Amino acid sequence: MDRIARIREMLVKTPGDDFLQHALALEYVKNGDDAAAKTMFEQILINNPGYIGSYYHLGKLLERTGDTQAAIQWYEKGMAAAKAAADQHALNELRAAHEDLVF
């Protein structure tokens, strides 16, 4: 059974598990399914805006696919969430990614 199938199977048992959803989105990225990954990352962040790691990966996906404006917006939302969570490491990563696009 491949990784995507295993993660989906686990999600059947715990459908609201943000960690598993994030892992599934990363597997989609690895397999070149950017549309599915984007949808998954967005769904995570709609349901749980405090799941900070997804902001960075969604931003990078959007950068890679040429949607720079959307990437900037997600990085900005992520920076706000990281500040609210006092997650300095995530804030620094998001800020660096944001600055690479803006400056």
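**Exercises on an all-helix model**

This is a predicted model, and its mean pLDDT is 96, with 99% of residues at 70 or more.

**Exercise 1.** Work out where in the protein confidence is lowest and where it is highest.

*Solution.* Start at the low end: that's helix 1 (residues 3-13), with a mean of 96. Now go to the high end, and you land on helix 5 (residues 68-84), at 98.

**Exercise 2.** Count the helices and strands, then write down the order of elements.

*Solution.* First the count: you should get 6 helices and 0 strands. Then read from the N terminus on, which gives α-α-α-α-α-α.

**Exercise 3.** Check the radius of gyration of the protein against that of a compact globule.

*Solution.* Step one: for 103 residues, the globule rule puts the radius near 13 Å. Step two: the protein itself comes out at 14 Å, so the two agree. To round this off, look at the C-alpha trace, which spans about 45 × 30 × 20 Å along its principal axes.

**Exercise 4.** Describe burial, surface and contacts in the protein.

*Solution.* Take burial with a cut-off of under 20% relative accessible area; buried residues are then 37% of the 103. Next, the accessible surface: about 5900 Å², with 54% of that belonging to carbon and sulfur atoms. Finally, take the contacts between residues at least 6 apart in sequence; 36% of these join residues at least 24 apart.

**Exercise 5.** Find how far apart the mean positions of the positive and negative charges are.

*Solution.* Tally the charges: 11 positive and 15 negative. Average the positions for each sign, and the two means sit 3 Å apart.

Notes. Residues are numbered from 1 along each chain as its sequence is written. This is a predicted model: local features need pLDDT of at least 70, side-chain atom pairs count only at pLDDT 80 or more; totals for chains, interfaces and linings use all residues. Side-chain values use heavy atoms; hydrogens and water are left out. Helices (H or I, at least four residues) and strands (E, at least two) are DSSP runs, numbered from the N terminus. The radius of gyration is taken over C-alpha atoms; the globule rule is 2.2 Å times the number of residues to the power 0.38. Buried means under 20% relative accessible area, exposed over 50%, partly exposed in between (1.4 Å probe, protein chains only). Contact means heavy atoms within 4.5 Å. Accessible areas come from the Shrake-Rupley method with a 1.4 Å probe; for residues, only the protein chains shown count as cover. Lys and Arg count as positive and Asp and Glu as negative; His and the chain ends are not counted. The place of a charge is taken as NZ of Lys, CZ of Arg, CG of Asp or CD of Glu. pLDDT is the predictor's confidence in each residue, from 0 to 100.
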